[in-house]
Amino acid sequence: MALGSRSRLALVVLAVAVVLAAPSAYATNGYFSHGYSLYESGMGGAGVAYPQDCLAAATNPAGMVLVGNCTVFGVTFFRPQRSTVISGSGAGANGTYDGNGNSSFIIPQFGYNRMLNDRMSLGIAVYGNGGMNTSYTTAIPLFGTSPAGVDLSQLIIAPTFAWKINASNSVGISLNFAYQMFSAYGLQNFDNPFVSTSAGHVTNKGQDTATGWGLRIGWIGQISPTVTLGATYQTVTTMSRFGNYQGLFANQGEFDIPASYAAGVAVEMNPKTTIAADVERIQYSGVPAVANPMSNLFGCPAFGGTNPSHCLGGSNGPGFGWQDITVWKVGIAYQLTPALTVRAGYDHGDNPISSSNVLFNVLAPGVVTDHVSVGATWTVATDRELTVAYMHAFTNSITGPIPAAFGGGTANISLSEDSLGAAYRWRF
């Protein structure tokens, strides 16, 4: 039965409220998501030139005018496995530390799109951009006296306008409203006026929130009957500061969302088979709290330096030392029967963490690089379909030195991930 305009509006409001109520950490490519739509997730995350549902704005807003009137609501069960092994420590920190105190996460998503006419659309996408989470079951003596961990979640609400400017080319723009939640605990060793510019605002301050906005623009062009190209750019999303943690993150608690850009191609090999591939660049270097190296801390007077701005929370304070990364995605969709399409894909991204920055990344071990995925869509009625997708990120680890100021030795951080999601889409 078709929904009336008031019913559709109520559905949009309800779905947005549900997603807002349950933002969760979902880190794959650094801390960005492997694939925002479950249609894309089953294809290794590829979708810049191949929009398949009304969550297309999360990847390329130009795709919204190509998917028609539709609504999609989905949920993903995400399970990361994090651990750290410390050896050779002169600070009594040797041991294996389990970072899975919180081991499973539920991540909802929602998309809605309405054609204004045959060339313009207006829609909204609500999704988790990514995040990071560690929840160690015991204290790590290098950090503090209680179990250590961090929890960062990023949610995007993206109203989107798309325009088919001619028969072959479409453009789109999303205004990305962002909502972040963060907490840190077990970092008592850093919560003092010698190490932090704002002692008392480093750890165990509960959950803090931040808001901000940015833009994503995109283009999709069909250059032949079987080949489509796409490109998209997302600006830095400028966020308000985490006031409760202004003594932890650089620039007094600033934690913006990095800029990124991507290009993609989709090739229809035959009427039943499409191959899509994307390349994406994520610019973590543009966010000091993420990119500043741990070595900046040694410019702080407490560690023999002369510049207080190098202490935690300062303008040059240490971060996680993450580098810009390039991500390659490729996937295939095959229409097995008129009612069933199956998908598979592969995603390879650089590791943003160098061995010299391993210590602080005990809290944020975003080191996975290789992901495989499969998915399928069943048409359950003329205007309705069910999509499922599974992703596995293979275990990766990195070992690096612990600075002598922290007792020396080495730390090995490790991460693997699995996710399983389902989404229901209906057209109107």
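**Salt bridges**

I started with the salt bridges, and the count comes to four in this predicted model. I had a general point in mind here: side chains of opposite charge can pair when their charged atoms come close.

I looked up Glu254 and Arg241, and their side chains meet in a salt bridge at 3.8 Å, N to O. This pair links distant parts of the chain, 13 residues apart. I found Glu254 in the loop between α4 and β10 (260–270), and Arg241 in the loop between β9 (238–239) and α4. Arg241 has a relative accessibility of 45%, so I noted Arg241 as partly exposed.

Next I took Lys329, which forms a salt bridge with Glu280. The closest N and O atoms of this pair are 3.7 Å apart. Lys329 sits in strand β12 (residues 325–337) and Glu280 in strand β11 (residues 273–282), so their pairing ties together parts that are 49 residues apart in sequence. Are these two residues buried or exposed? I checked, and both Lys329 and Glu280 are buried.

I also looked at Arg384 and Asp383, whose side chains meet in a salt bridge at 3.6 Å, N to O. Arg384 counts as partly exposed because its relative accessibility is 25%, and Asp383 counts as partly exposed too, at 32%.

**Largest pocket**

How much space lies in the largest pocket? I wrote down about 760 Å³. I then asked which residues line it, and there are 38 of them. The closest to the pocket's centre are Tyr50, Pro51, Gln52, Glu268 and Thr274. I sorted the lining of this pocket by class and got 17 nonpolar, 14 polar and seven charged residues.

**Cavities**

I went on to the cavities and found five of 30 Å³ or more. The largest cavity has a volume of about 170 Å³. Its lining has 15 residues, and Leu248, Leu312, Phe320, Phe360 and Leu363 are the closest to its centre. How does the lining of the largest cavity divide by class? I noted 14 nonpolar residues, one polar and no charged.

**A nonpolar patch on the surface**

I turned to the outside of the model and came across a nonpolar patch on the surface. Its members are Leu116, Leu122, Phe161, Trp163, Ile165, Ile173, Ile217, Tyr233 and Tyr261. Together they have about 790 Å² of accessible area.

I picked out Ile217 from the patch and placed it in strand β7 (residues 208–222). Ile217 has a relative accessible area of 42%, so I put it down as partly exposed. Patch members need over 30% relative accessible area, and Ile217 at 42% fits that.

**Backbone angles**

I checked phi next, keeping in mind that most residues other than glycine have a negative phi.

Asn204 caught my eye with a phi near 55 degrees, a positive value in a residue other than glycine. Where is Asn204? I found it in the loop between β6 (169–185) and β7. Asn204 counts as partly exposed because its relative accessibility is 43%.

I noted Gln252 as well, with a positive phi of about 60 degrees although it is not a glycine. Gln252 is found in helix α4 (residues 250–253). I listed Gln252 as partly exposed because its relative accessible area is 34%.

**Distances along the chain and in space**

I finished with two pairs of C-alpha atoms.

For the first pair I took Gly74, which has its place in strand β1 (residues 70–87). Gly74 is buried, because its relative accessibility is 1%. How many Å separate Gly74 and Ser87 in space? I got 43 Å, C-alpha to C-alpha, for two residues that are 13 apart in sequence.

For the second pair I took Met391, found in strand β15 (residues 384–401). I marked Met391 as buried because its relative accessible area is 0%. Met391 and Gly35 are 356 residues apart along the chain, and I noted 9.6 Å between their C-alpha atoms.

Key: Residues are numbered from 1 along each chain as its sequence is written. This is a predicted model: local features need pLDDT of at least 70, side-chain atom pairs count only at pLDDT 80 or more; totals for chains, interfaces and linings use all residues. Side-chain values use heavy atoms; hydrogens and water are left out. On a 1 Å grid over the protein atoms alone, a cavity is a set of points where a 1.4 Å probe fits but cannot get out, and a pocket is an open set with protein on both sides within 12 Å along at least five of seven lines; lining residues have an atom within 4 Å of a point. Grid points are joined across faces, edges and corners, and a volume is the space filled by probe spheres set on the points. Ala, Val, Leu, Ile, Met, Phe, Trp, Tyr, Cys and Pro count as nonpolar, Asp, Glu, Lys and Arg as charged, and the others, Gly among them, as polar. Patches are made of residues with over 30% relative accessible area and no salt bridge: like charges are joined within 9 Å, nonpolar side chains (Val, Leu, Ile, Met, Phe, Trp, Tyr) within 5 Å. Accessible areas come from the Shrake-Rupley method with a 1.4 Å probe; for residues, only the protein chains shown count as cover. Helices (H or I, at least four residues) and strands (E, at least two) are DSSP runs, numbered from the N terminus. Buried means under 20% relative accessible area, exposed over 50%, partly exposed in between (1.4 Å probe, protein chains only).
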